[in-house]
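Hi,

Here is the model I promised to pass on. Have a look at it first, and then read my notes underneath.

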There are 2 protein chains.
Amino acid sequence: MALPPTRQVVQVLRYPDGIPREQDFGMDRRPLAAPTAGEVVVRNHWLSLDPCLRPLLGGRYAIPRPERGAVVPGGAVGRVVESNAEHLGVGDWVVGDTGWCDYAVMSQDVLRRVDPDLAPPSTALGVLGIPGLTAWAGMHTIGRPQPGETVLVSTAAGAVGSVAGQLARRAGCRTVGIAGLEAKCMIAREAFGFDECVSHLSPGFAEDLRAACPDGIDVYFDNVGGPVLEAALSLLRPQARVVLCGLSSQYNQSGRPPGPNLGPVIAARATLQGLVVFDHLDRFDEFTNEVAPLVRDGSVQYRESVSDGLASAPTAFIAMMSGRNLGKSLVRLAE
Amino acid sequence: MALPPTRQVVQVLRYPDGIPREQDFGMDRRPLAAPTAGEVVVRNHWLSLDPCLRPLLGGRYAIPRPERGAVVPGGAVGRVVESNAEHLGVGDWVVGDTGWCDYAVMSQDVLRRVDPDLAPPSTALGVLGIPGLTAWAGMHTIGRPQPGETVLVSTAAGAVGSVAGQLARRAGCRTVGIAGLEAKCMIAREAFGFDECVSHLSPGFAEDLRAACPDGIDVYFDNVGGPVLEAALSLLRPQARVVLCGLSSQYNQSGRPPGPNLGPVIAARATLQGLVVFDHLDRFDEFTNEVAPLVRDGSVQYRESVSDGLASAPTAFIAMMSGRNLGKSLVRLAE
């Protein structure tokens with residue numbers, strides 16, 4: 001297959017202020033180099049849009065934010081279209097952090113092979129990818145849900161939350177979700193099996209949550225921080241476990257808002273422990289062996305928000321950051 | 001010994017607003033009942049003034065706050081002056097929650113015997129009492145300081161913090177204290193062996209703290225919450241352990257101020273776990289066997305702020321809540 005001489009990328013034009021805007025990103029065309037020894041050329045099929053991009057662009061992380069003009073960082077699933085590497089051949093499905101682009105030259109060392117017979121390759125970015133691993137690792141190492149317990153999950157209809165809730169339900173727990181739009185709450189209940197799901201957009205959110213958790217909360221899988229976390233902390237049962245996994249409520253904010261009161265943590269003797277999924281990459285096989293069959297037979301459900309074409313990525317990302325997506329957000333570049 | 005027909009007590013007159021004031025308390029004289037079967041009459045020698053009284057009076061705890069007119073709650077050390085109980089005899093030293101009073105009729109079941117040969121009986125309210133146990137349990141179960149680590153302790157010159165810092169130093173750690181007044185910082189360094197101690201009253205507190213912990217913090221024993229906790233969280237090293245033990249920065253406030261940002265907790269994969277000392281009462285013997293010899297030979301130092309006479313208790317308590325005390329605050333009623 002003849003490769004094009006250039007590749008199309010989305011670049012960072014400006015660092016967002018508040019909710020990202022179209023003009024923060026720009027399309028560009030750049031030369032496509034030939035792969036050197038150990039490298040392959042990947043044609044991307046699926047890009048991942050991750051909420052963590054927003055704080056990354058906001059400079060909230062310890063690592064430097066991408067420079068203006070850089071390719072927008074992000075994961076993708078694609079197929080090898082040219083190989084100069086011994087372990088990957090043309091036609092292989094792979095996943096890796098190519099950034100937002102149609103073609104990428106990548107070292108084989110930073111790509112993970114995807115088995116297309118296991119599940120649709122796009123799942124390598126969602127339920128069988130980093131989001132699924134995040135949920136699984138959080139539940140296994142921190143949440144440790146026990147039968148009969150109440151497990152609360154925020155972003156219940158999202159890529160991480162939906163898996164977290166289902167794993168907890170399979171462990172014999174009563175699961176309560178938190179989401180924004182009523183459509184998300186409905187799918188959380190109907191597709192992901194949450195016993196209840198309350199909207200944090202409701203003016204009576206705190207009361208709704210209390211009513212949904214009459215016996216308190218044993219495990220809280222938190223992806224949002226802020227007032228939702230604060231409401232959850234006030235309902236912790238003794239020895240509750242809180243998976244602090246995300247702070248999406250703050251991702252669009254420039255400053256750091258005041259956080260929740262920790263008094264209830266003391267009262268409940270709760271354990272709070274930060275989770276960073278990259279600590280658990282060595283357990284990918286274990287995770288896959290357990291969860292993949294469940295996805296395959298439908299025991300673990302998932303949803304994707306798909307937009308088409310690389311140029312749609314900014315809009316789709318903005319939609320996600322505005323809360324208008326559902327499940328795992330994806331951009332489809334090729335089938 | 002002939003018992004007086006009445007006993008003197010300090011009663012709750014008003015619930016404090018802000019820093020407690022004299023007029024929130026009132027003296028009273030009440031009948032002293034004869035002990036029924038299983039009861040003794042205790043003549044108090046030492047009252048304990050505990051910061052947690054303030055939030056108790058503020059209604060912050062799950063238990064109801066004492067009614068107006070009730071004896072101010074608090075621990076005390078005294079001697080049995082009349083016994084109708086098989087396990088305690090006249091002359092025995094005991095410690096228990098008698099409230100603020102000179103004489104109390106108490107069931108033997110709620111008193112703990114104090115060995116006056118072990119250490120001065122007043123230490124049963126401080127370094128060998130609940131505050132010492134708090135520090136010890138927090139370090140043993142949550143902090144788990146390892147040789148070479150940096151351990152940060154707030155209220156470093158206080159009843160809990162001074163013990164926490166010393167235990168950490170004995171474990172081979174570099175210890176950094178936080179206190180208010182410069183006099184507290186000095187005694188934290190000179191008596192309690194903190195390598196450094198910074199004042200949270202300094203306008204440059206955050207920078208001072210950072211300079212004192214150039215390699216970050218492995219263990220933080222937090223007794224204060226609020227901005228001090230927030231500053232500490234920003235310096236956590238990976239796998240740091242934070243003992244959430246008190247929120248004294250908020251005790252005088254009616255509302256609940258916004259708390260610290262939890263982002264650094266995630267970034268550091270830190271474990272946060274509430275500590276409530278009452279979970280550890282069954283380990284009193286183990287604790288005593290370990291720490292008492294260290295107090296006795298001076299390896300573990302302590303300080304007491306002593307005021308004389310029951311009527312001095314409100315003023316002494318107010319002084320403590322205003323930050324003007326040192327070490328364990330005590331009221332001396334008799335020697």
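Below is what I found, going from the domains down to single residues.

First, the ground rules: this is a predicted model, so local features need pLDDT of at least 70 and side-chain atom pairs count only at pLDDT 80 or more, while totals for chains, interfaces and linings use all residues. Residues are numbered from 1 along each chain as its sequence is written, chains are lettered from A and ligands numbered from 1 in the order in which they are written, and side-chain values use heavy atoms, with hydrogens and water left out.

Chain A splits into domain 1 (6-126 + 302-332) and domain 2 (130-278); the bounds come from an automatic or database domain assignment. Their C-alpha centres are 28 Å apart. Across the boundary, 21 residues of domain 1 touch 18 residues of domain 2, where contact means heavy atoms within 4.5 Å.

Helix α2 of chain A (residues 130-143) is largely enclosed by the rest of the structure, because 11 of its 14 residues are buried. (Buried is under 20% relative accessible area, exposed over 50%, partly exposed in between, with a 1.4 Å probe and protein chains only; helices are DSSP runs of H or I, at least four residues, and strands are E, at least two, numbered from the N terminus.) Trp136(A) and Met139(A) are among the buried ones. Right after α2(A) comes Arg144(A), with a positive phi near 40°.

Over in chain B, the 13 residues of helix α8 (284-296) should span 18 Å, and the end C-alpha atoms are 17 Å apart, which agrees. That expectation is 1.5 Å times one less than the number of residues. α8(B) bends by about 30° at Glu290(B), with Pro293(B) following within four residues; the bend is the angle between axes fitted to the seven residues ending there and the seven starting there. Its buried residues include Phe284(B), Phe287(B) and Val291(B), and the cover over the buried residues of α8(B) includes β7 (112-113), α2 (130-143) and α3 (159-170) of chain B. Just past α8(B), Gly298(B) has a positive phi of about 85°.

One last spot: Ser307(A) sits in strand β14 of chain A (residues 304-308) and is buried, at 16% relative accessible area. Its side chain makes a 2.9 Å polar contact with that of Ser312(A) (N or O atoms within 3.5 Å; within protein, one must be able to donate a hydrogen and the other to accept it, and residues adjacent in sequence count only if both atoms are side-chain atoms).

Cheers
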